[in-house]
Amino acid sequence: MSAIDDLPPLREVIARHGLMAKKALGQNFLLDLNLTSRIARASGPLEGATVVEVGPGPGGLTRALLAGGARVIAIERDARCLPALAEIAAAYPGRLEVIEGDALKVDFAALAGGAPARIVANLPYNVGTSLLTGWLTGEAWPPWYQSLTLMFQKEVAQRIVAPPGAEAYGRLGVLAGWRTHAKMIFDVAPSAFVPPPKITSTVVHLVPRAEPLACPVKWLERVTLAAFGQRRKMIRQSLKGLGRDPMPLIEAAGLDPTERAENLAIADFCRLAQLAAE
């Protein structure tokens with residue numbers, strides 16, 4: 001592996017600071033700096049960019065982002081990683097801000113301070129979907145971020161980009177497809193991580209749509225929760241989960257009541273959400 005900076009190899013950093021990955025925190029550390037550089041580049045040109053990173057761990061992706069010219073704001077929950085990140089901050093004066101805290105409780109828009117920013121992260125497996133859902137369902141749109149370049153379990157990545165009719169199509173695909181253009185960039189083998197997970201990971205790139213279909217976010221979440229909560233049932237049955245007779249909604253939306261959620265277009269769900277909110 002070629003060096004991207006003058007800092008020690010990540011294996012040495014992990015050994016020196018005793019950074020064994022914790023399963024409870026969903027940690028799997030990426031040690032290949034060529035690979036972290038590839039992830040960083042997938043977000044676009046880095047020179048002068050402001051990047052928010054979640055779960056930097058020992059800082060492999062952080063270093064790649066900084067080496068590419070970005071300013072990085074990193075949120076890390078594991079206090080054990082802070083000394084290693086402090087060493088990176090010292091090597092890149094004024095360009096790395098590390099915030100100790102739980103990413104699920106962070107006000108990301110305030111963190112970015114109004115500057116155009118991107119999110120680039122090898123997300124902890126146990127909170128990745130929750131974080132993405134939060135970023136996709138903000139009331140303000142266009143959002144504070146310009147793009148999302150994120151690593152997930154491949155199964156989750158497939159759900160994010162799945163079109164209607166696909167086996168993986170569900171709530172996550174509706175939310176991502178409604179508000180963003182999402183695509184899978186490349187896979188990362190388990191052997192790239194320490195410890196190696198039992199599954200393949202995939203990097204996904206999402207760019208916000210300037211003008212997604214008009215739709216009340218909270219009602220779209222409720223409609224998709226009901227519809228996909230019983231995905232094998234016809235929508236005349238599954239949408240009873242909304243707590244009302246769904247037939248007037250289905251008829252007003254011009255949909256076939258015998259259809260199943262997995263075959264409805266994103267526009268169909270938006271129409272149902274609009275009608276449910278009235």
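Mentor: Helices (H or I, at least four residues) and strands (E, at least two) are DSSP runs, numbered from the N terminus. The model is predicted: local features need pLDDT of at least 70, side-chain atom pairs count only at pLDDT 80 or more, and totals for chains, interfaces and linings use all residues. Residues are numbered from 1 along each chain as its sequence is written, and side-chain values use heavy atoms, with hydrogens and water left out.

Trainee: Which helix holds histidine 17?

Mentor: Residues 10–17 make up one helix, and histidine 17 falls within that range. The helix is α1.

Trainee: Is histidine 17 buried, partly exposed or exposed?

Mentor: Buried means under 20% relative accessible area, exposed over 50%, partly exposed in between (1.4 Å probe, protein chains only). Histidine 17 has a relative accessible area of 23%. That value makes histidine 17 partly exposed.

Trainee: How far apart in space are histidine 17 and isoleucine 199?

Mentor: In sequence, histidine 17 and isoleucine 199 are 182 residues apart. C-alpha to C-alpha, the distance is 27 Å.

Trainee: How many aromatic pairs are there?

Mentor: Rings of Phe, Tyr and Trp (its six-membered ring) pair if their centres lie within 6.5 Å; planes under 30 degrees apart count as stacked, over 60 as edge-to-face and the rest as tilted. By this rule, the count is six.

Trainee: Which tryptophans form an edge-to-face pair with tyrosine 145?

Mentor: One pair spans 6.3 Å centre to centre, with 85° between the planes; its tryptophan is 141. Another spans 5.4 Å, with planes at 90°; its tryptophan is 144. Tyrosine 145 is buried, at a relative accessible area of 3%. Its partners are tryptophan 141 and tryptophan 144.

Trainee: Which residues form one aromatic cluster?

Mentor: Tryptophan 141 and tyrosine 145, both buried, belong to the cluster. Its full list is Phe108, Trp135, Trp141, Trp144 and Tyr145.

Trainee: What do the buried residues of α6 line?

Mentor: Helix α6 covers residues 128–136, and Gly128, Leu131, Leu132, Trp135 and Leu136 are buried there. Seen down the axis, these residues fall within an arc of 130° (taken from the directions from the helix axis to the C-beta atoms), so they line one face of the helix.

Trainee: Which element gives the most to the lining of the largest pocket?

Mentor: A pocket is an open set of points on a 1 Å grid over the protein atoms alone, with protein on both sides within 12 Å along at least five of seven lines; lining residues have an atom within 4 Å of a point. The largest pocket has 18 lining residues, with Val106, Phe108, Gly134, Trp135 and Trp144 nearest its centre. Two or more lining residues come from each of α5 (108–112) and α6. With four residues, the top contributor is α6.

Trainee: How much space lies in the largest pocket?

Mentor: Grid points are joined across faces, edges and corners, and a volume is the space filled by probe spheres set on the points. For the largest pocket, the volume is about 280 Å³.

Trainee: Why is cysteine 215 not bonded to cysteine 270?

Mentor: A disulfide is a pair of cysteine sulfur atoms within 2.5 Å. Cysteine 215 is buried, with a relative accessible area of 14%. Cysteine 270 holds the closest cysteine sulfur to that of cysteine 215, but the two are too far apart for a bond because the gap is 3.8 Å.

Trainee: How many disulfides does the structure hold?

Mentor: Cysteine 81 is also buried, with a relative accessible area of 0%. Across the structure, the disulfide count is zero.

How values were computed. 1 Å grid on protein atoms, 1.4 Å probe; cavity = no way out; pocket = protein on both sides within 12 Å on 5 of 7 lines; lining within 4 Å.
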